[in-house]
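Could you walk me through this structure in my viewer, one selection at a time? I would like to know what to click on next and what I will find there.

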Amino acid sequence: MPIVSMRFFALLLLSVAPLCSAMRVAVTGTTGLLGRQVVERLSKKNIKVNALLRHPIDNSVTPSIDKDAKSSQVALYLSNLPGVTMVAGDATDLASCKQLVDKCDAIIAAHGPVKPPPIQSLFRLLPESDPVHSRSVNYVAVQNLINVVKESTTCKRIVRVTGKGEAPTDFFTVLINMLGNMAKAWNYEGEQLLRTSGVDYTIIRPGVMGRNDIPTNKVRALADNGQDLKVTAVTHSQIAELCCDCLDYSNAAKTTLTAMNVDEGLGEDSYAPLLATVSADSREFPSTLLEEHKKGARNGAAILAAFLAVFVSVSITVLKSIGGLILGIFH
């Protein structure tokens, strides 16, 4: 390689390195299966991290980031990573969000509601104002992050992981709304807060996370503008990679990305070439889908109740018949 070219690349590397090391990213959902991988990936990229943590660090546990590790183990593991600062608080609390975002350049919002007891969700026993309700986690917390970004002089981007939620009558959407305190509904409303906020956002709608047995002949695919892709399994590692990588692309601001896996030849091995071609949202998203989601959940609950009523009725009839046969044998 000519000396001039070598000098050019050396100068280029020197100019880029300080930018990476100087960057600081706030992360919510720190100990979740996605959040833990986001924090670890950022640390490996020499990016400083403010990681929100709801519970105090427990130094008596064994640090671990394994899938089955307890949140206390994950928290201790992450707290020991280079460049990671743990910030006590909750995303549903505005004061916590202000402390979290201090001196940060971006936010990766990987938080989500805990899975509630099915009966609690079906009968709406948990008030929407409760801090663990999906409204608080998927909507109020997002508004808090928007508010602190607007006040911040350094933080310019919010990356939010949500899910497909524009089809309120879709079977899985109805099921998740019924059993998850309207999680899909409030996720979409949180998306709309971002789209209308005026701040730079990247909304990521992943496929089904949680499986690690993605076929080897599958590659990454993105659709911008909130367009549909066939729902597939994706790994937490893939979505963590996307969350971190999109911060490097200014064209990924104000865009809604659907992330799935596709057959070889239809996608890419990494997100970099895909992110390089995405564009800002240009279509008009529904301003709200809350009532449609609630109606879908009510209809789903009515169908479930009718099914259970029929099941119970048939079961009683069968039991009576069996009882009659048994009595007939002994008489």
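With the whole protein shown as a surface, you are looking at about 17400 Å² of accessible area, of which 61% belongs to carbon and sulfur atoms. Accessible areas here come from the Shrake-Rupley method with a 1.4 Å probe, and for residues only the protein chains shown count as cover. This is a predicted model, in which local features need pLDDT of at least 70 and side-chain atom pairs count only at pLDDT 80 or more, while totals for chains, interfaces and linings use all residues. Residues are numbered from 1 along each chain as its sequence is written, and side-chain values use heavy atoms, leaving out hydrogens and water.

Now switch to a cartoon. The C-alpha trace spans about 105 × 50 × 40 Å along its principal axes. You can find 11 helices and 10 strands; these are DSSP runs numbered from the N terminus, with helices being H or I over at least four residues and strands E over at least two. Of the 331 residues, 45% are buried (buried is under 20% relative accessible area, exposed is over 50%, and partly exposed is in between, with a 1.4 Å probe and protein chains only).

**Stop one: strand 5**

Select residues 157–161, which make up strand 5; five of its five residues are buried. R157, V159 and V161 are on one side, I158 and R160 on the other, and both faces are covered. Next, add residues 106–109: this is strand 4, which pairs with strand 5 in the parallel sense over four bridges (strands pair if DSSP finds at least two bridges between them). A106 has R157 as its bridge partner. Then add strand 6, residues 200–206, which runs parallel to strand 5 and is joined to it by five bridges. Here R157 stands opposite D200.

**Stop two: the aromatic pairs**

How many aromatic pairs does the structure hold? There are two, where rings of Phe, Tyr and Trp (its six-membered ring) pair if their centres lie within 6.5 Å, and planes under 30 degrees apart count as stacked, over 60 as edge-to-face and the rest as tilted. Select Y139 and W186: their ring centres are 5.2 Å apart and their planes meet at 55°, so this pair is tilted. Y139 belongs to helix 6 and W186 to helix 8 (residues 183–195), so the pair ties together parts that are 47 residues apart in sequence. Y139 is partly exposed at 23% relative accessible area, whereas W186 is buried at 5%. Now move to F171 and F172, an edge-to-face pair with 5.2 Å centre to centre and 80° between the planes. Both of these residues are exposed.

**Stop three: helices 9 and 6**

Zoom in on Q238 in helix 9, residues 236–245. Is Q238 buried or exposed? Its relative accessibility is 8%, so Q238 counts as buried. Leaving aside residues up to four places away in sequence, Q238 touches R220, N261 and Y271 (contact means heavy atoms within 4.5 Å). For a contrasting view, select E151 in helix 6, residues 134–151. E151 is exposed, with a relative accessible area of 57%. Draw a C-alpha to C-alpha distance from E151 to N217: the two are 46 Å apart in space and 66 residues apart in sequence.

**Last stop: helix 11**

Finish at L319 in helix 11, residues 290–329. L319 counts as exposed because its relative accessibility is 59%.
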